[in-house]
Amino acid sequence: MNTIIACITDQHDLLLVLVAALVCIAGSWATIRLYRRALATTAMEKTAWLVLTAVVAGAAIWCTHFIAMLGYDPGVSVGFDPVLTIVSLLVAVFGAVIGFAIAATSSLRLAPLIGGAVVGLAIAVMHYTGMMAYRVQGIVTWDMSFLVTSIVLSVVLSAAALQLTGRKGVARPELVAAPVLALAIVSLHFTGMAAFRVEPLLIDGSFSNPAALRALALAVAGVALAIVGAGVASHLIDNHARAESAEALRNMSNGLLMIAGNGTIRLFNPRVRTLFSLSPEQIHVGMRLERYLRNVGANAGWDEARIDRVIANHEEWIRRKEITRLEHHFEDGKILQVTCQPLPNAGAIITYDDVTEAREGQRQIEHMAFHDALTGLRNRRSFTDRIAALAQKSDFTMLMIDLDHFKPVNDTLGHAVGDNLLVAVARRLKDLCGPTDTLFRLGGDELAVLCEAGPESARVLAEDIQRALTRPFLVRENVITIGTSIGLAYARRGDMPERVQRMADLALYKAKGKGRGGIEAYSEGMIEEAARRREIETDLARAVGAGQLILHFQPLYDLPDKRLRGFEALLRWQHPERGMISPAEFIPLAEESGAIIEIGAWVIDEACRQASTWPEELYVSVNVSPVQLRSADILLRFTRALERHKVLPGRIEVEVTETAMVEDAEAIAAALKGLRALGIKVAMDDFGTGYSSLAHLRAFELDRIKIDRSFINASGDDGNAMAVVRAITTMAREMAIATTGEGVETAAQLDKLVAIGCDTAQGFMLGKPVDAASAKALIAEVYAAAENDHDRGITASARHG
């Protein structure tokens with residue numbers, strides 16, 4: 001060691017030694033940086049970077065040696081063989097190329113050590129080739145121990161430097177590897193120079209110029225630094241470009257993987273590691289695509305067969321000329337959109353886009369599009385699609401479900417309670433539906449079930465639904481009782497979905513028409529009947545304008561003297577083709593279509609017009625629909641008719657059925673109160689047929705109760721029916737409400753009404769409904785008979801007087 005230090009201090013120009021050291025350190029640092037860059041590339045790009053690395057390394061090694069040699073003073077004249085000097089430079093460059101190429105081979109585990117050893121040998125060969133080009137006036141000998149030591153130091157330290165450079169997980173490897181490589185170059189040179197011995201030979205006329213050698217050394221140093229600087233500059237320029245690209249890659253929302261033509265990874269961004277939870281050892285530049293995919297599969301928990309399929313698919317995609325796109329679903333729910341774009345000169349770019357949230361959003365949107373937001377049931381759109389699909393593949397049964405008495409819940413308890421009730425209803429129905437039943441909410445309180453199990457099972461399901469929905473519901477501390485009406489339609493494969501739905505709707509309509517709470521199956525003729533109803537509705541809209549509506553009048557008589565008291569106006573429709581159509585047939589249609597508003601206005605006006613031609617003590621009773629009473633202009637209609645025909649309000653009596661009063665009690669009560677304020681009398685029609693008759697006697701201000709004909713007809717044979725009539729009459733008398741018995745057809749019935757104190761009566765026995773002209777004739781006849789009776793009474797009194 002002392003010999004080496006003495007060699008440096010006593011036999012070298014320290015300035016040139018310092019310059020050589022500077023060149024060596026700069027060259028080593030640049031070499032390691034360039035070598036690191038080469039390790040991060042593949043294919044031709046890697047080769048280019050390795051060549052640049054070798055050129056810079058060779059130049060740094062040779063220049064360090066040459067500058068130090070120029071600074072060496074052997075005590076005799078020196079010179080240089082130009083050929084061997086150039087050969088030494090080529091040895092340094094080509095030896096470095098071979099060494100770095102071996103070190104960069106990823107398939108060999110010991111490649112960095114072997115490659116480093118080759119670089120160390122190249123340094124030694126370069127040095128001793130250069131020494132052979134060194135001409136001195138003397139006899140040269142070598143200390144073999146120092147010579148061997150120099151070679152060992154060069155090989156070991158160079159191998160260590162490249163090994164350190166290739167280690168993963170080191171942030172700045174050049175800070176460690178570059179000094180080690182510089183030490184390898186310096187230790188070889190000065191240890192080798194310590195092995196160099198010269199025995200001077202004095203030859204006249206031969207001498208060397210130290211100043212010239214120093215100038216040459218500085219020139220070589222300048223060239224060396226220029227070469228090293230060029231390498232460093234190219235590296236820095238590339239680093240800047242790479243930094244910008246890396247920044248873009250790091251901030252990409254999707255993962256990017258570039259595969260070289262040899263099937264190795266050339267480039268990837270951090271997003272790839274994040275998406276597949278890969279460690280640095282599981283993905284790196286130069287890794288085989290197959291190895292990378294196996295690491296991905298291992299982390300995802302795939303079996304070997306699946307991994308092999310994925311590898312085969314990737315190889316197939318890369319061989320194609322077109323872009324491949326697909327979505328890969330992972331077991332943890334993650335969905336990646338994979339795009340493979342083959343490159344023109346082999347290889348491919350693969351991108352991974354995490355579309356999990358997007359697909360979940362799409363799924364939610366699709367769910368919202370095909371499901372009801374409140375109950376979570378499938379909606380009408382889904383219903384339409386499902387019918388179309390079922391109709392093509394099998395028989396099925398459609399159940400149309402309508403909740404009874406749901407509207408009063410909304411009106412009295414609020415929509416929030418109504419919504420909660422619908423949720424509870426949906427829950428009960430879900431529990432009843434089997435695997436072959438599909439439940440839908442079509443809107444409001446209308447639901448449907450498509451049953452694939454057969455007609456018998458569908459009927460059983462309908463009965464189960466009816467029983468389930470009649471059980472009370474507890475909603476927000478409210479006990480609510482509703483019911484349901486159900487229509488069934490059995491469909492064969494191939495039936496038109498629209499026709500099946502129409503069949504079920506008609507069956508439901510029939511179930512509701514029978515008083516709710518029923519189950520009806522579609523039967524032949526219902527569609528034809530519905531078509532006929534539509535025709536009647538169309539004709540009904542034109543009936544008023546065409547003058548097809550007429551009023552008939554049934555007389556009302558006081559009891560017990562059977563004196564004519566007034567008439568009930570009964571609407572008739574004289575159809576030009578169908579003849580006389582019963583009100584029971586067309587009034588419900590008019591109420592459903594809204595035509596009852598115009599028809600009702602005509603009835604009010606015509607009844608007032610006819611009453612204006614009668615004696616003032618006679619009144620007319622007009623039946624009014626609940627639809628009319630809920631309209632805003634009902635009072636205006638009566639007011640105008642009374643003014644137009646100069647009829648006193650007390651001569652008009654409005655009849656409303658008890659059922660209509662109960663179903664919309666608040667609105668109906670307000671309208672009736674307004675009519676009574678005008679002076680119009682109010683009568684409750686069909687009394688006794690409702691479900692809370694007695695309770696509503698106090699809720700409404702009534703002038704008359706009309707006892708339903710069903711009690712009158714049964715009173716002859718049924719003692720209970722007669723007891724009801726008697727109780728109604730007695731109760732009404734106590735409340736100062738007049739009574740009228742409807743449907744009197746026999747003298748016995750009339751006698752019983754008289755006996756119990758009923759105020760008035762009407763029926764076929766007393767008088768059938770007649771047209772206006774006949775009603776006027778009846779009035780004239782009654783009043784003529786009364787006048788004759790009056791005249792005869794005066795004559796008889798005069799005779800007795």
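Reader: Glu616 first. Buried or exposed?
Author: Glu616 is exposed in this predicted model. Its relative accessible area is 61%.

Reader: Where does Glu616 lie?
Author: In the loop between helix 20 and strand 20 (619-623).

Reader: How far is Glu616 from Leu648, C-alpha to C-alpha?
Author: 8.4 Å. Along the chain, Glu616 and Leu648 are 32 residues apart.

Reader: Now the arginines. Where is Arg726 found?
Author: Arg726 is in helix 27, residues 719-734. It counts as partly exposed, at 40% relative accessibility.

Reader: And how far apart in space are Arg726 and Ile756?
Author: 6.0 Å between C-alpha atoms. In sequence, Arg726 and Ile756 are 30 residues apart.

Reader: What about Arg294, buried or exposed?
Author: Arg294 counts as buried, because its relative accessibility is 19% and the cut-off for buried is under 20%. Arg294 sits in helix 10, residues 289-300.

Reader: Which residues does Arg294 touch?
Author: Glu304, Ile307, Asp308 and Ile311. That leaves out residues up to four places away in sequence.

Reader: Switching to cysteines. How many disulfides?
Author: Zero in the structure.

Reader: Why no bond for Cys433?
Author: The closest cysteine sulfur is in Cys451, and it is 8.4 Å from the sulfur of Cys433. That is too far for a bond, since a disulfide needs the two sulfur atoms within 2.5 Å.

Reader: Cys433 and Cys608: buried or exposed?
Author: Cys433 counts as buried, at 16% relative accessibility. Cys608 counts as buried too, at 1%.

Reader: Next, sheets. What is the strand order in the open five-stranded one?
Author: The order is 11-12-10-15-16. The pairing is mixed.

Reader: Which strands stand at the edges?
Author: Strand 11 (437-443) and strand 16 (519-521). Each has a single partner strand, so one side of each has no neighbour in the sheet.

Reader: What is the twist?
Author: It averages 20° from one strand to the next.

Reader: Is strand 11 mostly covered or mostly exposed?
Author: Mostly covered. Six of the seven residues in strand 11 are buried.

Reader: How many bridges join strand 11 to strand 12?
Author: Six, and the two strands run antiparallel. Among the bridge partners, Thr438 goes with Leu450 in strand 12. Strand 11 and strand 12 also form a hairpin, with two residues between them. Gly444 in that turn has a positive phi of about 60°.

Reader: And at the other edge, do strands 15 and 16 run parallel or antiparallel?
Author: Parallel. Three bridges join strand 15, residues 483-491, to strand 16. Gly487 stands opposite Glu520 in strand 16.

Reader: Which strands does helix 15 lie across?
Author: Strand 10 (396-404), strand 11 and strand 12 (446-451). Helix 15 covers residues 415-432 and runs at about 160° to strand 11.

Reader: Strand 9 now. How many bridges join strand 8 to strand 9?
Author: Seven, with the strands antiparallel. Strand 8 covers residues 335-342. Thr339 has Thr351 in strand 9 as its bridge partner.

Reader: How many residues are in between, in that hairpin?
Author: Five residues separate strand 8 and strand 9. Ala346 in the hairpin takes a positive phi near 75°.

Reader: What joins strand 5 to strand 9?
Author: Five bridges, again antiparallel. Strand 5 is residues 255-259 and strand 9 is residues 348-354. Met258 stands opposite Ile349 in strand 9.

Reader: On to helix 19. Which residues are buried there?
Author: Phe586, Leu589 and Ala590. Helix 19 runs over residues 583-593. Seen down the axis, the buried residues fall within an arc of 105°, so they line one face of the helix.

Reader: Why would residues three or four places apart point the same way?
Author: An α-helix has 3.6 residues a turn, so that spacing brings side chains round to the same direction.

Reader: What do the buried residues of helix 19 pack against?
Author: Helix 18 (526-543), strand 18 (564-575), strand 19 (579-581) and helix 20 (596-611).

Reader: Last, the whole chain. How many helices and strands?
Author: 29 helices and 26 strands. The chain has 801 residues, and 47% of them count as buried.

Reader: What is the accessible surface?
Author: About 38800 Å² for the chain. Carbon and sulfur atoms hold 57% of that surface.

Definitions and conventions
Residues are numbered from 1 along each chain as its sequence is written. This is a predicted model: local features need pLDDT of at least 70, side-chain atom pairs count only at pLDDT 80 or more; totals for chains, interfaces and linings use all residues. Side-chain values use heavy atoms; hydrogens and water are left out. Buried means under 20% relative accessible area, exposed over 50%, partly exposed in between (1.4 Å probe, protein chains only). Two strands pair if DSSP finds at least two bridges between them. Helices (H or I, at least four residues) and strands (E, at least two) are DSSP runs, numbered from the N terminus. Axes are lines fitted to C-alpha atoms, for helices over the stretch in contact, and angles run from 0 to 180 degrees between N-to-C directions. Contact means heavy atoms within 4.5 Å. Accessible areas come from the Shrake-Rupley method with a 1.4 Å probe; for residues, only the protein chains shown count as cover. The arc is that of the directions from the helix axis to the C-beta atoms.
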